[in-house]
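Colleague: Please take a close look at one sheet in this predicted model, and describe how its strands are paired. I would like a connected account rather than a list.

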Amino acid sequence: MSVESQQERPAATARQQWMAVLAKSDSDRLQQYWQGLALSPDYQFIRKPEIGLTMLRGRIGGGGQPFNMGEMTLTRCAVRLASGTLGISYVAGRHPQHAITAALADALLQEDTRQNLLQKQLIEPLQAELEAGRQQRAAQANSTRVDFFTLVRGED
Amino acid sequence: MPVSSHELIAGFAEPVAASQQVFRAALKVMSEPGTLVETDYVEQAPKGLDLSTWQLALSLLDPDTRVWLSPTLAANDAVISNLRFHCQCPLVDAPKEADFAIALHNELPDLAELNWGTAEYPDRSTTLLVQVPGLNSAPFWTLSGPGIEQTRTLSIAGLPETFCADLIKSRQRFPLGIDIFWCCGNRLTALPRTTAIKAGMTEPSQNDKETC
């Protein structure tokens, strides 16, 4: 996929945001929040959790050619609620339970009746934890920053 | 074309075990042509496909198999969405390019339009999956050849006469040819290219349709 087509995409939709949070969150923390909600929706598997490999593609800098970096494990799942809403999840690693919970949450979040509750009690706390973790890592990395000062040697 | 999420239905409940069982059934009907096998590993099929057609598709198709669909199926959102979601198979416009062709009995492609394989690689031919309104062992066609001890009878309802004639004649080009799975409800049978077909005298009656 070219860079252009990615840039042309509209800003991430609300669904993309919550799917990203659900997928990136720590498996145990997600289960804790999920069980705290005590929801037990009726559902049917459209695709049972499957573990497989996916190719990661990278690009050096902003302008390099895309290259295949390597493969990673991935768990995916699709469920349909009794009401007919379809929920989908893709989760890094081998985590069938995480994938099921994320798919169920995705489905419930699409339903207007439960969206507010789940946004407040599941997505927002998880997002805050993700952000805190990211900032902690950034702070750790920042503390090791070295600024180099070199004289121009006139090679350019 | 995007997948229509509201059309998606469940695939196999136990994907590994069920697709192996269905593959076993496909092997059985191919190696003993004309035997009828019932497969019951899914509860529902996409609207427009029979249970056995859908189970064969789930078992045989994957991202490496190019699939051609007959016009009604190709225009059916439920069918293409579920094929793309569960099998991830590429769909092609020309039957000649397809590894598998799925057709309704009244929309069969000319056999000549399919890929018959080459003399070096006769196995690279198109495999045809045909969904028919009636399938039983009434004596309409008399089959003989490998996998059949003496003869076996098979009756398939709803086939155009020209197609039957072409199929019988296609045996002259062996080892090139088309292997065909016949699907009806949850029943399945197959006629590989090795099976010689002798046409019977009577048409498959309407009663045959009720048996399915």
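Modeller: Two strands are taken to pair if DSSP finds at least two bridges between them. With that in mind, the part I would choose is an open sheet of 3 strands in chain B, in which the strands follow the order 6-5-9 with antiparallel pairing. Strand 6 and strand 9 of chain B are the edge strands, and because each has a single partner strand, one side of each is left without a neighbour in the sheet. From one strand to the next, the twist averages 60°.

The pairings can be followed from strand 5 of chain B, which covers residues 134-144 and meets strand 6, residues 152-157, in the antiparallel sense over 6 bridges. Strand 5 of chain B also pairs with strand 9, residues 196-199, again in the antiparallel sense but over 4 bridges. In general, strands of a sheet pair through backbone hydrogen bonds, and the pairing may be parallel or antiparallel.

Leu143(B) is a useful residue for tracing both pairings, since its bridge partner in strand 6 of chain B is Arg152(B), while its bridge partner in strand 9 of chain B is Ile197(B). For Ser144(B), the bridge partner in strand 9 of chain B is Ala196(B). As a general point to keep in mind when viewing these positions, the side chains in a regular strand alternate between the two faces of the sheet.

Two backbone details elsewhere in chain B may be worth inspecting alongside the sheet. The peptide bond from Phe174(B) to Pro175(B) is cis, with omega near 10°, and Pro175(B) belongs to the loop between helix 5 (161-170) and strand 7 (179-184) of chain B. Gln88(B), although it is not a glycine, has a positive phi of about 55°, and this residue is placed in the loop between helix 4 (77-87) and strand 3 (100-104) of chain B. Gln88(B) has 12 other C-beta atoms within 10 Å and therefore counts as exposed, the limit for that class being 12 or fewer.

As for the setting of the chain that carries this sheet, the contact between chain B and chain A takes 6 residues from each of them. On the side of chain B that touches chain A, the residues divide by class into 4 nonpolar and 2 polar, with no charged residues.

Conventions. Residues numbered from 1 in each chain as written. Chains lettered and ligands numbered in written order. Predicted model: local features only at pLDDT ≥ 70, side-chain atom pairs only at ≥ 80, totals over all residues. Axes fitted to C-alpha atoms, helices over the stretch in contact; angles between N-to-C directions. Contact = placed C-beta atoms within 7 Å. Nonpolar A, V, L, I, M, F, W, Y, C, P; charged D, E, K, R; others polar. Buried ≥ 20, exposed ≤ 12 C-beta atoms within 10 Å, placed from the backbone.
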